[in-house]
Amino acid sequence: MKNYSLFLKQIKKQNIDIGIQILVKWQLWKILIVIYPFVTIVGFCLIFLNANQAEHNGIQGNAQQTPIISHHLQEPFSQNIEKYLASQRQQDPLNYLFTQFQQLGLQTYIQDNQESNIIARLKVSRSPSYECNLVTFMYGKQKTKNIALILSYIKILQRDDINYLSKDLLFVGVNQEYQKYGQGIKTFLEEYHYPKQYSDMPRCGVIRQSLNIDLDDTFDQIVFKIYGINGRVPDRDFFLGTNIALAEIHPTFTYYEGDYSYLVYYERKIEQYFKYIWNMLFLNYVYKLPKHFISISLIFPNMFESIKGNLHDNHSYLIQYGIHSGTLRGISVSGNNQKLTTSVGLVLEAAQRTYMALDENLHMGSTLFIPVTKESSITIQKSVLPGALILGSFVVPLCKEYIVGFFNNKTQWHILRGAIAMVILKEVLIILMGFSLVFVPLLTKILIEYIQIEYFSLYWSLFFAIITIYTVSIKQTRKQLFNTSKLDSSLYPVYWQTKANLNVQFCLAVIYGSIVHIGIAYQLIMMFSLFMYSIQPLKPRPGFNKNSIPGYIGNIILIIYLIVLAYSYGFDGINNINQLIMDFNQVNVHLFYYLNISGVTLVYRYIDLLFL
């Protein structure tokens, strides 16, 4: 700051932006540097405290009635389930279903293809026949409880005291052997919506809502799966209609199949250390912290699951066709609970009764939500503030580095402009590289027919070949246009420019995630925001001193953190990475391609800082 007045004259002469002039003249950047860590910390705290302040899972307005369990149907349900379980032993599931559907008076049809879906229509006298609801289920040798439950449910609906049916019901049984990637349900949806020729498939107009039943023959836990592909979730009214009924009859249900119990340990440890610091500062006299106030074990599992999606469940593909859907999944955790099959039937009946009263989904509240408990969920309204605070605070350290860079830079302006031109050229080529990587799956699919090579060997060869080609292009174009392939390390503003590009790209990624899905946005914030603040080249620079050491240590810790987080997604071996890629390519997960554009190029820029 020795030549402060000289610098003011320089920026006036060069017509530097008025905002920079104000920051320098009034030295506001010093105040901002003090404020920004506080704003960032508040933003992070809100992410983990959001679950405690989440929106109540209650029906709003008069969009639909609150689902109430019909306990008087428990005994008839139980008796029917036992009867159908006993009668289907040693029988072919498809033939058994066809016979039973016809005996119950349903219009029945079997799709004439390898999937062998079975479709049955329950005609309702009050139905207008231009809309209906759908119940899908898996059938097979290991799905006897599924079959028994569906037949029992139809029997219940035909009782004289069931008088709320206002739409036809369509039942679709999918062979469990064709469950992967939704193969069976997609076959039904394609013929239902886009028939290539005339068929006798039962149709009943627009399908409004659907509930998928997938119970293992041995299960003691119910999972309510709502996460679809590409961050999609059903309408919140639909979710609440099933969630409330399920919470009443089986309060221990979850929203995911994975085991995240280990997160509770870390949650308690963080709370313990936080309380210790809080008490050391005597803040407990100002505000006494509650027993539990951090919600890592509630938020993280749902974020992970929402990003991965359910690639093999029927509801994911029904949501793609605009049908609000979810799956009631029965899994075994520690044994078998015979009574739970009846409980699922009661939930199915209560939820369907609610859907019948809902003529169309009115989108009460936001369709972007993450359930964290049975009683509450985080909606887009609750998730915006933490992200806004953290993204807003990104501007501050960049302003500080920009100003300090001007004070310390002695490079002539025409040299600086040439260096910036080099950065712009590199940025254009990196963006093109990102878009080229999007076509790697398509190129692999085309070339595999002509080249006798293993799929993933070709995939990764193309992937790294594209990166190599663009890297060589960047070096060669720099040599041709600027007679050098490497920036001078003394060009501090250009270093700031590259670092700013990293920050801007990250902000765009978070904005994209915030629009598409809350879980994606939160994960991007937690994975990369600290990384962006402390990013340093791992290679010591000419101006390296003791003050730089914390930045380098922090950078290495954050890299380890990212690796550990990657393991939590299942990247524990090359085979699992390949399977994940295969899954995502098979069902066209847009996030995967987006990460090719944004994530790979962001990492590329970081590596480039090593050789800036």
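Student: How many Å does helix α9 (residues 262-280) reach from its first C-alpha to its last?

Tutor: This is a predicted model, where local features need pLDDT of at least 70, side-chain atom pairs count only at pLDDT 80 or more, and totals for chains, interfaces and linings use all residues. Residues are numbered from 1 along each chain as its sequence is written, and side-chain values use heavy atoms, leaving out hydrogens and water. Helix α9, a DSSP run (H or I, at least four residues, numbered from the N terminus), has 19 residues. At 1.5 Å a residue (times one less than the number of residues), 27 Å is expected, and the helix comes close to this with 28 Å.

Student: Within what arc do the buried residues of α9 fall, seen down its axis?

Tutor: In α9, L263, E267, E271 and W278 are buried (under 20% relative accessible area, with a 1.4 Å probe and protein chains only; exposed is over 50%, partly exposed in between). These buried residues line one face of the helix, because they fall within an arc (of directions from the axis to the C-beta atoms) of 70 degrees.

Student: Which helix do the buried residues of α9 pack against?

Tutor: On the other side of α9, Y265, Y273 and Y276 are exposed. The buried residues, by contact (heavy atoms within 4.5 Å), pack against α10.

Student: How many residues apart in sequence are the parts that E131 and R208 tie together?

Tutor: These two form a salt bridge (Lys or Arg side-chain nitrogen within 4 Å of an Asp or Glu carboxyl oxygen), with the closest N and O atoms 2.7 Å apart. E131 lies in strand β4 and R208 in strand β6 (strands are E runs of at least two residues), so the pair ties together parts whose separation in sequence is 77 residues.
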